[in-house]
Amino acid sequence: MGSSRRIAVLGSGYVGLTVAAGLASMRHEVLCSDIAESKIDQLSSGVVSIVEDGLTDLILAMVAKGRLKFTSSNLEAISDAEFVFLCLPTPQGRDGSPDITTTFSVAREIGPHLAPNSIVINKSTVPVGTAHKVRDILNRPDVDVVSNPEFLSEGSAVLDFLQPDRIVIGSDSRENGLRVAELYGDPTDHKCIVTDTLSAELIKYACNAYLATRLTFINTMAELCEAVGADIRTVAAGMGTDHRIGTAFLNSGPGWGGSCFPKDTEALIHMAEAAGCDITLVKTVVSANAGHTERIVEKVETAVGGNVADKVVAVWGLAFKAGTNDLRNSPALKIVTALQERGAIVRAYDPAMEKDSLDGVELVHSKEDACVGADVLLVATEWTEFSLVDLATIGGLMSHRSIVDARNIIRIEDALDAGFDYVGVGVGRVSTIRLLNLEAG
Ligand code: UGA
């Protein structure tokens, strides 16, 4: 581990907080800022509103050790910082490109006040070329701008930060790249990739677009499985044993969503077009993904006889994936909205959401409450607790025993034993013979 450094982290969203607490746990002195004073007041009094496994505990531990502090002033945060991490929002702009006005305005604000020879490090996902633009805006020949994209997944962000697959650092000066690498420990001990800024910025987009493509591929294979009578779970398991393919990210589902893949694939398309490069593949992935989400809506319609109008649909899970309360671009929410537009009465439960209603959706406080009088149960987010229920009890609460399992997490045998009509993704209406084959495999 290198020596302790003074670090400013600007932005205390889920990336900023994870980075700040993670760097503090590496013995650095971290001052984290946010313009939202109420958020800083909360954080200073130990309240963390983000649902992220292990984050609250890490923040509280680092605050107690005096290595992590908060301020609502960016200028105070940077005043004597050697390293300044930008963890700022880059929402999708109207034309699909990321809106990086916050990054630029913060650069304008801090430029004249940065400590001599400090390094500004961009963590947020920003278009290729942004580090160079930020350097121009800072207008400080002694200050370098380095790209160090984050690869944090919601739900496992702390672990992803503390035990990364790799750390990508893009710098036009190898010396400054290594200075940043040393923050994470001995650069020769950990998996550090030090490269130029443009490549580092593109690695981030390429990773997310590749993972989205992989998921769209598996969801396309799931569609084919239904058409030919194969089972996507065995197909994916068979694919994953090839070491060149691997098992991760092969779970078929309702289409990918969240705050990153949709935004980053659109941004990549936009960036490529601006560079005169037509990336048809990524465009196709995006449109196919919308089709996969729509297919779940159709499965629910079919499950209730073709028309959801006035049917009661119990929905388990609204978050875009398990382990988070994030609803941004959640396939579950898209499906719910489409069902409501077609006249369905939706009653939803999500263990990470305690409100009574959300974006026009009635929320209840238990899996059972969602199912009372329901015509069909849709499993939309893969929370573990959904796969552990006693389906006989659940079935007894419903008007009709019917499940659409958009995450393939319910044991099909249990559903059939409890008298349910079961529909998954890429598993079709499963026959006993196929179940026996799966067990044997
Ligand atoms: C994603 C990347 O995985 C992170 O590496 C990256 O740092 C992050 O974006 C980012 O750019 O900030 P995240 O958006 O938290 O992380 O979510 P993922 O776990 O990647 O899931 C994305 C979507 O794919 C979700 O809708 C999820 O349900 C879906 N998914 C994932 C599947 O349908 N099947 C799978 O097997 C895996």
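A residue counts as buried when its relative accessible area is under 20%, as exposed when that area is over 50%, and as partly exposed in between. With that yardstick in hand, Phe-249 is easy to place: its relative accessibility in this predicted model is 35%, so Phe-249 counts as partly exposed. Phe-261 comes out at 12%, and therefore counts as buried.

These two residues also pair up through their rings. A pair of aromatic rings is described by the distance of the centres and the angle of the planes. For Phe-249 and Phe-261, the centres are 6.3 Å apart and the planes meet at 50°, so this pair is tilted. Phe-249 sits in the loop between helix 10 (232-240) and helix 11 (261-274), while Phe-261 belongs to helix 11, so the pair ties together parts that are twelve residues apart in sequence. Trp-256 joins in too, making one aromatic cluster with Phe-249 and Phe-261.

Altogether, the structure holds five aromatic pairs. Another one of them brings together Phe-161 and Tyr-184, with ring centres 5.9 Å apart and planes at 50°, so this pair is tilted as well. It links distant parts of the chain, 23 residues apart: Phe-161 is in helix 7 (residues 157-162), and Tyr-184 is in the loop between helix 8 (174-183) and strand 8 (192-195). Phe-161 is buried, because its relative accessible area is just 5%, and Tyr-184, at 9%, is buried too. Rings can also meet charges: the charged end of Arg-166 sits over the ring of Phe-151, 3.8 Å from the ring's centre.

Now for the inside of the protein. In soluble globular proteins, nonpolar side chains tend to be buried together. Here, the largest nonpolar core has 38 residues, and Tyr-184 turns up again among those with the most contacts inside it, along with Val-9, Leu-23, Leu-68, Phe-85 and Val-180. Helix 1 (residues 14-25) supplies the largest share of this core, namely eight residues. As for Val-180, once neighbours within four places in sequence are set aside, its contacts are Phe-83, Ile-119, Ile-121, Val-146 and Ile-169. Apart from this core lies another, made up of 36 residues, including Val-313, Ala-319, Leu-333 and Ile-335.

Finally, there is Pro-164, found in the loop between helix 7 and strand 7 (167-170). At 30% relative accessibility, Pro-164 falls between the two cut-offs and so counts as partly exposed. Pro-164 and Ala-338 are 174 residues apart along the chain, and their C-alpha atoms are separated by 38 Å.

Terms used
Residues numbered from 1 in each chain as written. Predicted model: local features only at pLDDT ≥ 70, side-chain atom pairs only at ≥ 80, totals over all residues. Heavy atoms only, no water. Phe/Tyr/Trp six-rings, centres within 6.5 Å; stacked < 30°, edge-to-face > 60°. Helix = DSSP H or I, 4+ residues; strand = E, 2+ residues; numbered from the N terminus. Buried < 20%, exposed > 50% of the residue type's maximum accessible area, 1.4 Å probe, protein only. Lys NZ or Arg CZ within 6 Å of the ring centre and 35° of its normal. Core = buried A, V, L, I, M, F, W, Y, C linked by side-chain atoms within 4.5 Å. Contact = heavy atoms within 4.5 Å.
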